[in-house]
Amino acid sequence: MALFWRSVAAVAMSVTAVAGAAPAWAHVTVSADHCWRGGVAIVTFMVPNESETGSPTTGLTVTLPNVTSAHTELMPGWTAHLEHDVAAGAFRSVSWTASPAAGIPADQFALFRIQVNLPDTATASFPAVQTYADGKVVRWDQPPLADGSEPEHPAPLLTLTDAVADPGQTASASPDGATRWIAAGALVLSGASLAVNLVRRRRSG
């Protein structure tokens with residue numbers, strides 16, 4: 001047993017050492033509530049502050065992949081601006097700017113959300129520019145390297161898939177099915193309880 005716990009402790013120390021050796025910086029990343037080609041989705045950008053001087057992040061500009069509709073989420077302390085190419089019928093970019101009392105402090109992150117009509121493509125790239133209060137600008141706009149590895153400042157990227165035949169019907173089918181199973185289970189339990197009570201009454205009689 002002592003040997004077992006010594007082994008566990010050694011593994012834990014190894015994991016801690018690896019975690020401590022990990023790079024301190026993090027990327028601007030993108031995620032979505034779904035990634036269907038041509039579908040309307042809520043896209044979320046996770047923006048960390050990795051300033052070495054402790055300067056807050058005060059601006060974020062994201063280039064949009066030729067989306068035809070876009071709506072920004074209300075974000076206290078920040079103003080959002082959409083660049084709309086009316087002639088082309090597309091939204092080109094979105095910019096968030098912090099008020100004087102806002103911003104992302106060092107070693108923290110913030111989430112920026114926008115509802116867009118995703119393009120009908122295999123991937124959707126969202127090159128971003130992160131601005132700090134001290135004037136530092138970090139561009140997250142590099143595509144994947146030729147060997148498939150990640151560059152130093154990768155552009156946020158979504159991999160898109162074909163939509164299901166009827167998302168609304170699929171989404172509602174599971175809860176209904178679960179409800180039916182729960183109801184059936186309750187009915188079975190109720191019947192079993194009734195049978196037990198009947199047996200007890202007969203024996204007591």
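Let's start with a working rule: a residue is buried under 20% relative accessible area, exposed over 50%, and partly exposed in between (1.4 Å probe, protein chains only). The model here is predicted, so local features need pLDDT of at least 70 and side-chain atom pairs count only at pLDDT 80 or more, while totals for chains, interfaces and linings use all residues. Numbering runs from 1 along each chain as its sequence is written, and side-chain values use heavy atoms, with hydrogens and water left out.

**Exercise 1. Classify the ring pair of tryptophan 96 and phenylalanine 112, and place it in the chain.**

Step 1: get the rule. Rings of Phe, Tyr and Trp (its six-membered ring) pair if their centres lie within 6.5 Å; planes under 30 degrees apart count as stacked, over 60 as edge-to-face and the rest as tilted.

Step 2: apply it. A search of the whole structure turns up 4 aromatic pairs. For tryptophan 96 and phenylalanine 112, the centres are 5.1 Å apart and the planes sit at 55°, so this pair is tilted.

Step 3: locate it. Strands here are DSSP runs (E, at least two residues), numbered from the N terminus. Tryptophan 96 belongs to strand β6 (residues 90-98) and phenylalanine 112 to strand β7 (residues 109-117), so to speak distant parts of the chain, 16 residues apart.Both residues are buried.

Step 4: widen the view. Ring pairs join Phe45, Trp78, Trp96, Phe112 and Phe126 into a cluster.

**Exercise 2. Work out the strand order of the open sheet that holds β1, β2, β7 and β4, and find its edges.**

Step 1: read the order. The 4 strands run β1-β2-β7-β4, with antiparallel pairing; two strands pair if DSSP finds at least two bridges between them.

Step 2: find the edges. β1 and β4 each have a single partner strand, so one side of each is left without a neighbour in the sheet.

Step 3: check the turn. Neighbouring strands of this sheet are turned by 25° against each other on average, direction ignored.

Step 4: zoom in on one pairing. β1 and β2 are joined in the antiparallel sense over 4 bridges, and valine 30 has phenylalanine 45 in β2 as its bridge partner.

**Exercise 3. Decide whether threonine 44 is buried or exposed, and list what it touches.**

Step 1: place threonine 44 in strand β2 (residues 40-48).

Step 2: compare with the cut-off. Threonine 44 has 13% relative accessibility, so it counts as buried.

Step 3: list the contacts (heavy atoms within 4.5 Å). Leaving out residues up to four places away in sequence, threonine 44 touches Thr29, Val30, Ser31, Leu111, Phe112 and Arg113.

**Exercise 4. Track down the salt bridges and say how exposed their partners are.**

Step 1: recall the idea. Side chains of opposite charge can pair when their charged atoms come close. The cut-off is a side-chain nitrogen of Lys or Arg within 4 Å of a carboxyl oxygen of Asp or Glu. The structure holds 3 of these salt bridges.

Step 2: take aspartate 120 and arginine 37, whose closest N and O atoms are 3.0 Å apart. This pair links distant parts of the chain, 83 residues apart. Aspartate 120 is exposed because its relative accessibility is 55%, whereas arginine 37 is partly exposed at 32%.

Step 3: take glutamate 73 and arginine 113, which meet at 3.5 Å, N to O. Glutamate 73 lies in the loop between β4 (70-72) and β5 (78-85), and arginine 113 in strand β7, 40 residues apart. Glutamate 73 is partly exposed at 39%, and arginine 113 is partly exposed at 31%.

Step 4: finish with aspartate 85 and arginine 92, with closest N and O atoms 3.1 Å apart. Aspartate 85 is partly exposed at 25%, and arginine 92 is partly exposed at 29%.

Terms used
Axes fitted to C-alpha atoms, helices over the stretch in contact; angles between N-to-C directions.
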